[in-house]
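Open the model in your viewer and keep the selection tool handy. We will go from stop to stop, and at each one you will hear what to select and what is there.

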Amino acid sequence: MTDTIQPNPNETRLRRLYPGARLETVFAWPNETLDDLDSSFAVQEYLQQLIRQDRNNVERLIELPESVDREVWQYEHLRQVCLELSLLVVALENECTKENCPEMKADGWLYLCAAHPSTQSCPAIDYIIHTLDGAAMLLNNSKYFPSRISIPQPSLKHFQSIARRLYRVFAHAYFHHREIYQTFENETSLYARFLLLSQTYELIPPSLVTIPESSSSSEDNSQTQENSP
């Protein structure tokens, strides 16, 4: 049995996960203001703290803190969405199979994947994994994002591309795996947060928002989109 390591009283302000800690104590750190977080990842830690406090209050989660750069706030939100969307992939894996969903579709749109030598159609679950892998690789690419405290102006163009691709994951789950989508959304409010983020910072054109506010689905279209940069 693993011995529990007790935190050092002199490290009470440090956020640590100690071996042997009970599940209910994990992440049970005192809430701190953003200015009190002494870390290179302070903005990420602060955002995750807000999510743990109330993930359903998406207005508060998206509201820009006074001391945070507007572009850095978008960056950290997109990173967090990628992290949490991986849980949706786990929920989908038994139903969204290559046999059940041989193509990546949502509300009549067919999405082509650019993660191949030439752009092509691929099973929805593969497309989703390629999308999350590609977004994570781009957001962690030091060439485009060398710092967590400032974003180079030329790199801002990638935010819209990433958001547009991530939206397709939500859309496929909504239109083809409604029960799984709804259970996940009820637990996380991730789509509500992502949509408000996209609307606030104009990351996705309104014309590409296909998930209706009501439970009724939109009329079917017969259109094709590439997973373009």
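## Getting your bearings

The chain holds seven helices and three strands. This is a predicted model, so treat the tour as a walk through a prediction. Colour by secondary structure and follow the sequence: the order of elements reads α-α-α-β-β-α-α-α-α-β. Of the 229 residues in the chain, 42% are buried. Now turn on contacts: among those with a separation of 6 or more, 66% are between residues 24 or more positions apart.

## Stop 1: helix 7

Select residues 190-200, which form helix 7. Which of its residues are buried? They are Leu-190, Tyr-191, Arg-193, Phe-194, Leu-195, Leu-197 and Ser-198. Next, show what covers them: the cover includes helix 1 (42-53), helix 2 (58-62), helix 3 (70-92), helix 5 (157-176) and helix 6 (178-188).

Now look at either side of helix 7. Select Ser-189, in the loop between helix 6 and helix 7. Its phi is near 55°, a positive value in a residue other than glycine. Ser-189 is buried, at 11% relative accessible area.

Then move to Glu-202, just after helix 7, which also takes a positive phi of about 55°. Glu-202 belongs to the loop between helix 7 and strand 3 (223-226). Is Glu-202 buried or exposed? With 62% relative accessibility, Glu-202 counts as exposed.

## Stop 2: helix 5 against helix 7

Two packed helices are described by the angle between their axes and the distance between the axes. Keep helix 7 on screen and add helix 5: the two axes come within 11 Å and cross at roughly 150°. An angle over 145 degrees counts as roughly antiparallel, and helix 5 and helix 7 are therefore roughly antiparallel to each other. The crossing of helix 5 past helix 7 is left-handed. To see the contact itself, show the side chains of Ala-163, Leu-166, Tyr-167 and Phe-170 from helix 5, together with Leu-190, Tyr-191, Phe-194 and Ser-198 from helix 7.

## Stop 3: the salt bridges

Side chains of opposite charge can pair when their charged atoms come close. How many salt bridges does a search of the whole structure find? It finds six, and we will visit some of them.

Begin with Glu-84 and Arg-55, whose closest N and O atoms are 3.6 Å apart in a salt bridge. Glu-84 sits in helix 3 and Arg-55 in the loop between helix 1 and helix 2, so this pair ties together parts that are 29 residues apart in sequence. Glu-84 is buried, with a relative accessible area of 9%, whereas Arg-55 is partly exposed at 28%.

Go on to Arg-148 and Glu-76, whose side chains meet in a salt bridge at 2.8 Å, N to O. Here distant parts of the chain are linked: Arg-148 is in the loop between helix 4 (124-139) and helix 5, Glu-76 is in helix 3, and they are 72 residues apart. Arg-148 is buried, with a relative accessible area of 17%, and Glu-76 counts as buried at 3% relative accessibility.

A further pair is Lys-98 with Asp-126, which form a salt bridge with the closest N and O atoms 3.7 Å apart. Lys-98 is in the loop between helix 3 and strand 1 (104-106) and Asp-126 is in helix 4, so the pair ties together parts 28 residues apart in sequence. Lys-98 counts as partly exposed, at 48% relative accessibility.

Before leaving, select Arg-55, Glu-84 and Arg-193 together: salt bridges that share partners join these residues into one network. Arg-193 is one of the buried residues of helix 7 from the opening stop.

## Stop 4: two cysteines

Finish by showing the sulfur atoms. A search of the whole structure finds zero disulfides. Zoom in on Cys-96, which is in no disulfide; its nearest cysteine sulfur is that of Cys-101, 3.9 Å away. Why is this pair not counted as a disulfide? A disulfide needs its cysteine sulfur atoms within 2.5 Å, and the sulfur of Cys-101 is 3.9 Å from that of Cys-96. Are these cysteines buried or exposed? Cys-96 is buried at 1% relative accessibility, and Cys-101 is buried at 6%.

Terms used: Residues are numbered from 1 along each chain as its sequence is written. This is a predicted model: local features need pLDDT of at least 70, side-chain atom pairs count only at pLDDT 80 or more; totals for chains, interfaces and linings use all residues. Side-chain values use heavy atoms; hydrogens and water are left out. Buried means under 20% relative accessible area, exposed over 50%, partly exposed in between (1.4 Å probe, protein chains only). Helices (H or I, at least four residues) and strands (E, at least two) are DSSP runs, numbered from the N terminus. Contact means heavy atoms within 4.5 Å. A salt bridge is a side-chain nitrogen of Lys or Arg within 4 Å of a carboxyl oxygen of Asp or Glu. Axes are lines fitted to C-alpha atoms, for helices over the stretch in contact, and angles run from 0 to 180 degrees between N-to-C directions. Angles under 35 degrees count as roughly parallel, over 145 as roughly antiparallel, 65 to 115 as roughly perpendicular and the rest as oblique. A crossing is left-handed if the near helix is turned anticlockwise from the far one by less than a right angle, and right-handed if clockwise.
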